[in-house]
Structure formats: structure tokens, C-alpha cells
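Got the viewer up and your selection tool ready? Let's take a walk through this one, one pick at a time.

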Amino acid sequence: MPIIVAVHDAMLWSLRTHLDERPLMGNDLAVMNYLSCAQGFAHREIVRILYLDSGNRLLVDEEAARGTVDEAPIYIREILRRALELGATGIIIAHNHPSGDATPSRPDRSITTLLAAAAKPLGIRLVDHVLVSRDQAVSFHALGWI
């Protein structure tokens, strides 16, 4: 088992290196691969936030919340407070669906709309909301929902 953990950690490090080296916009595949590896196989929902600078480069990658097998809390106020604290001008929110189906739910779409609207007056852009599972990754940006 420790070998599997070591391989997973090495893969995450490698994928994260690609995120740190260049702007994330236009690099959707690298973002999706990283997020899928980071949390696609988790047994509970995890909310992760990628905070970006004005050049769309990764400032900080943080786990914002852990939930249950079918939901996790997303606190808009805390996400935006942290973005302001970091001087972030963009954010990518991601969470996993342990069920294996990364199809966005109605609450997923609703919270995305609320987050984007709350962030805009603060000069923070919601770049994407990504849902991942073991076999899928769905980008709200790619679907035209952001």
C-alpha cells in the first residue's frame, strides 16, 4: 500500500508542476488531469479551490471542505475572503462526485451562479467549476455555463 501512495504523490507532484509553470487558462487538460488525480478517487466529496493571480497562474491550491459521500459544504464567503487575502483575481472551484457520475447537479449549477455573481463586484473572476469522478471530469467553462 505505501508504494501506491508514493506513486500517487509523485504523480500529483508532476501534474502540479505543470500548473505552477504556466497560466492555467488554455491549459484545461492539465487542470483536469491534476484535479482528477488529486480527488477523483476520494470516497467523500472534497471541495478544492485553485486561487489564480492576474496572469492566471496558480497562487495557492487549497482544500476548502470535506463532506459526505454525496455532498460537501461550499462557503462562498470564506472562498472570497481567502481570495482577497491572497490577492487572487481568479478562482477555479472543484469538487468530486464519489458516486462515479460527474454530471453537474442542480445545486452544483446554483452555487456556481451564486459564487460567480458574488465574486464579480470584488474583481474576482470565477474561471471554472470542475467536477471530477474516477472516470470523468466536467468543466462548467467548457460547457459554456461560466
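Which exposed residues does the face of helix 3 turned away from its buried side carry? Select R77 and E85: these are the exposed residues on that face. Here exposed is over 50% relative accessible area, buried is under 20%, and partly exposed is in between, with a 1.4 Å probe and protein chains only. Helices (H or I, at least four residues) and strands (E, at least two) are DSSP runs, numbered from the N terminus.

Before moving on, some housekeeping. This is a predicted model, in which local features need pLDDT of at least 70 and side-chain atom pairs count only at pLDDT 80 or more, while totals for chains, interfaces and linings use all residues. Residues are numbered from 1 along each chain as its sequence is written, and side-chain values use heavy atoms, with hydrogens and water left out.

**The whole chain**

Zoom out and colour by secondary structure. You should find 5 helices and 5 strands, in the order α-α-β-β-α-β-α-β-β-α from the N terminus on. Of the 146 residues, 45% count as buried.

**Back to helix 3**

Now select I76, I79, L80, R82 and A83, the buried residues of helix 3. They sit on the same side of the helix because they cover an arc of only 160° around the axis, taking the directions from the helix axis to the C-beta atoms. As a reminder, an α-helix has 3.6 residues a turn, so residues three or four places apart point the same way. Show the neighbours and you'll see what this buried set packs against: strand 1, strand 2, strand 3 and helix 4. Contact here means heavy atoms within 4.5 Å. Just after helix 3, click G87, which takes a positive phi of about 75°.

**Strand 3**

Next, pick residues 90–96. That's strand 3, and 7 of its 7 residues are buried. G90, I92, A94 and N96 point one way, while I91, I93 and H95 point the other.

Add the strands that pair with strand 3 (pairing takes at least two DSSP bridges between two strands). Strand 1 (residues 46–52) is antiparallel to strand 3, with 6 bridges; look for I49 facing its bridge partner I93. Strand 4 (residues 125–132) runs parallel to strand 3, joined by 7 bridges, and there D128 is the bridge partner of I92. Trace the chain from strand 3 through helix 4 (residues 106–119) to strand 4 and you've followed a right-handed β-α-β crossover: with the strands pointing away from you, the path from the first strand over the helix to the second runs clockwise.

**The cores**

Show side chains for I79, I91, I93 and L115. They have the most contacts inside the largest nonpolar core, which has 18 residues. Such a core is a set of buried Ala, Val, Leu, Ile, Met, Phe, Trp, Tyr and Cys residues joined through side-chain atoms within 4.5 Å. Strand 1, helix 3 (76–86), strand 3 and helix 4 each give two or more residues to this core, and helix 3 gives the most, with 4. Apart from this core lies another, of 13 residues, among them Y34, L35, A94 and V132.

**Last stop: D61**

Finally, select D61 in strand 2 (residues 58–66). Buried or exposed? D61 counts as buried because its relative accessibility is 15%. Add R48 and you'll find a polar contact of 3.0 Å between the two side chains. A polar contact is a pair of N or O atoms within 3.5 Å; within protein, one must be able to donate a hydrogen and the other to accept it, and residues adjacent in sequence count only if both atoms are side-chain atoms.
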